[in-house]
Amino acid sequence: MAGAAAEQRRLAAVVESWLGRPVLVIGDAMLDEWRFAESDRLCREAPAPVLTLRRRISAAGGAANTAVNIAALGGRAALVAPVGADVAGDELHDCLDRAGVWDRTVSHPSRPTPVKRRMLAGNQILLREDSGDPDDPLDDEGVDRLLTALDCATEELRAAGGEAPTLVVCDYALGALPAPVRAWLVANRERFATVALDAHDLADWRGLAPTVVTPSFAEATRLLARAAARPAGNELHLDHPDGDPSDGPSELTVGVAPGDGSPARPGANGRTTPLGPTSLGPTGLGPTGEPGPGEDRIAMTGDGLSVTGTGLTVSAGVDRAGLAESRLAELREHTGADVVAVTLDTEGAVVAGPDGAPSRSHSTPVPASHAVGAGDAYLAAMTLALAADAPLPTAAQLAQLAATITVSDTGTCVCRREDLLAALDSPADQGRSPVVDADALAAIIGEHRRAGRSVVFTNGCFDVLHRGHVRYLEQARTLGDLLVVAVNSDGSVRRLKGADRPVNPVEDRVALLSALSCVDHVVVFEEDSPARLIEAVRPDVYVKGGDYPPEMVPEAPLVRRLGGQVRTLGYVPDRSTSAIIDRIRAHGTESPVVEQA
């Protein structure tokens, strides 16, 4: 328990350390508009609800929301982006001013501000109307003004912060980052200490050498498929096709081809093709965010990647987290990034850095209307933490926590610094006994999940607690944010070990385990297998003691099916419960030594 409190203090210290850190955000800024309505009847003209508008909210979106999140988390954020000279642009300026973002946007009278208008009733999004033509390119004058704003904002942040600023690039293919701007950023890379990239098309940014990239699963998949399909010796780079209606991080339909309601079927060698004709129409355009007609589509299955004409598809049942984790090294190679964080929406994220060791974070499933912009909060916290030289596991944990905090209500997600610190200051196990029953444990783990913490789980008899146990548990605790130890009941131990075991009753075994600072929660189970508890806890890491490979752990298939990792840790040599009991018994059979006077 003390270890958990120390961990919270360490994370809070990282949040404090990034206060005032200068960050330049450039990219596609937009306005999010939320219209909340009520409906109690259908109209006579059609089977459609009659809506009565009750309130309207405007919020910064896209790159602007990333800047708002950086400012809300305590950074010093400046935004450079093209914005239309229109009502939506005026509202976006107001949003930036209220958030304390340095508004260094460039007005373009001939180019409208992109707007996403969502109509909701009963917390359900009924429709979204997008306005602002993303295909209107910046003219030469507009590009020159954007480059001037970039140069000035960079120097302004350096002067204010006394250090090289951090750069965040948000490229959602809406036209804010044409080739001359990308070239300027690559040429001036050395002016920025840390560079974070969130791009719809990662291939456009290979020369930037970013510190971290945060692709969605679909974006990562598209990059890998292109890399696999390109001819040998060709550079991995594709310009955005004409007419691509991309409006942000691409979306993915699992098991069906985009724009086609047909289920997927396995083809040759297990590859997937859609059943039936596509419903994309004569233009061949898929859903927003998918490639346009000038670009081949991508199909991916569990055994690899291929480029086809069917769209971006994934076989139903594919473990997205496991597949992304297995390709992190390739993504680092193709993007030139030190760190890759593949975001998996409701499934959290998988992250790896230069050492190649992956880590997994989980998120809490929420309605879609609650999660708009959660990726911006994730990107903002990840960037600030890495800029503050936090270790990658710490940065990933804080990023997931920031995203989780924001999804409690409908609207564009923003994580405030005080909310993040409050979550760190109020651990889910505060004031609780570490010994819990199975039902209470499930509720407690849910609270930890919502706080973005990773869970390590182990189980055993722990009959005679010895040095080997303690070292093993201490090592297990380092693999996550909290350690749950499941202990076999007395009846379970007798069935597994024999009628003369346990030596110590379960009350004594539990008391000793809960006294260890590395153990956060202890739970007793009656069954011979901990499978039921594993399903309830869904651990990020499942740990067993021994020198055998993880594949030999009986619980390994269940843990992996639930999205977790399996680790085995070696015991301290010559330290085991059986050996200790044998020595005690041997000592008891020896003849007593009588000292002579």
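Trainee: Over how many bridges do strand 1 and strand 4 pair in the parallel sense?

Mentor: Keep in mind that this is a predicted model. Strand 1 covers residues 22–27, and strand 4 covers residues 76–80. Val23 of strand 1 stands opposite Ala77 in strand 4. The two strands run parallel, and the count of bridges between them is 5.

Trainee: Which strand do 5 bridges join to strand 1, running parallel?

Mentor: Look at Val25. Its bridge partner is Val168. That partner belongs to residues 166–171, joined to strand 1 by 5 parallel bridges. The strand is strand 10.

Trainee: How many of the 6 residues of strand 1 are buried?

Mentor: Take one face, then the other. Pro22, Leu24 and Ile26 point one way and are buried. Val23, Val25 and Gly27 point the other way and are also buried. The count of buried residues in strand 1 is 6 of 6.

Trainee: What is the strand order in the open sheet of 9 strands?

Mentor: Strand 1 pairs with strand 4 and is joined to strand 10. Strand 4 also pairs with strand 6, in the parallel sense over 2 bridges. The pairing across the sheet is mixed. The full order is 6-4-1-10-11-12-19-20-21.

Trainee: Which edge strands pair on one side only?

Mentor: Read the two ends of the order 6-4-1-10-11-12-19-20-21. One end is residues 102–103, the other 359–361. At the former end, Trp102 is the bridge partner of Ala78. The edge strands are strand 6 and strand 21.

Trainee: How many residues of helix 10 are buried?

Mentor: Helix 10 spans residues 392–406. Its 15 residues reach 21 Å from first C-alpha to last, close to the 21 Å expected. The helix is mostly covered, and its buried count is 13 of 15.

Trainee: Asp389 has a positive phi although it is not a glycine, so what is the value, and is Asp389 buried or exposed?

Mentor: Asp389 lies in the loop between helix 9 (374–387) and helix 10. Phi is about 65°. The relative accessible area is 67%, and the cut-off is over 50%, so Asp389 is exposed.

Trainee: Near what value is phi of Ala209, a residue other than glycine?

Mentor: Ala209 lies in the loop between strand 11 (195–199) and strand 12 (212–213). Ala209 is partly exposed, at 39% relative accessible area. Its phi is positive, near 50°.

Trainee: Which residues does a cis peptide bond join?

Mentor: Go to the loop between helix 14 (490–497) and helix 15 (506–514), where Pro502 is found. Omega is about 5° at this bond. The joined residues are Arg501 and Pro502.

Trainee: Now charges. How far apart are the closest N and O atoms of Arg35 and Glu33?

Mentor: Side chains of opposite charge can pair when their charged atoms come close. Arg35 is partly exposed at 29% relative accessibility, whereas Glu33 is buried at 3%. Both belong to a salt-bridge network with Arg56, Glu91 and Arg117. Between Arg35 and Glu33, the closest N and O atoms are apart by 2.4 Å.

Trainee: How many residues apart are Arg477 and Asp520?

Mentor: Their side chains meet in a salt bridge at 3.0 Å, N to O. The pair links distant parts of the chain: Arg477 in helix 13, Asp520 in the loop between helix 15 and strand 24, with a separation in residues of 43.

Trainee: Why does Arg477 count as buried, and why does Asp520?

Mentor: Buried means under 20% relative accessible area. Arg477 falls under that cut-off, so it counts as buried, at 12%. Asp520 counts as buried because its relative accessibility is 0%.

Trainee: Are Asp40 and Arg41 buried or exposed?

Mentor: Asp40 forms a salt bridge with Arg41, the closest N and O atoms being 3.7 Å apart. As for cover, both Asp40 and Arg41 are exposed.

Trainee: Which residues make the nonpolar surface patch of about 230 Å²?

Mentor: One member sits in the loop between strand 2 (29–38) and strand 3 (52–62): Leu51. Leu51 is partly exposed, at 30% relative accessible area. The patch is made by Leu51, Leu126 and Leu127.

Notes:
Residues numbered from 1 in each chain as written. Predicted model: local features only at pLDDT ≥ 70, side-chain atom pairs only at ≥ 80, totals over all residues. Heavy atoms only, no water. Helix = DSSP H or I, 4+ residues; strand = E, 2+ residues; numbered from the N terminus. Expected span 1.5 Å × (residues − 1). Buried < 20%, exposed > 50% of the residue type's maximum accessible area, 1.4 Å probe, protein only. Patch = residues over 30% accessible without salt bridge, like charges linked within 9 Å, V, L, I, M, F, W, Y side chains within 5 Å. Areas by Shrake-Rupley, 256 points an atom, 1.4 Å probe, with all protein chains shown as cover. Salt bridge = Lys/Arg side-chain N within 4 Å of Asp/Glu carboxyl O. Pairing = 2+ DSSP bridges.
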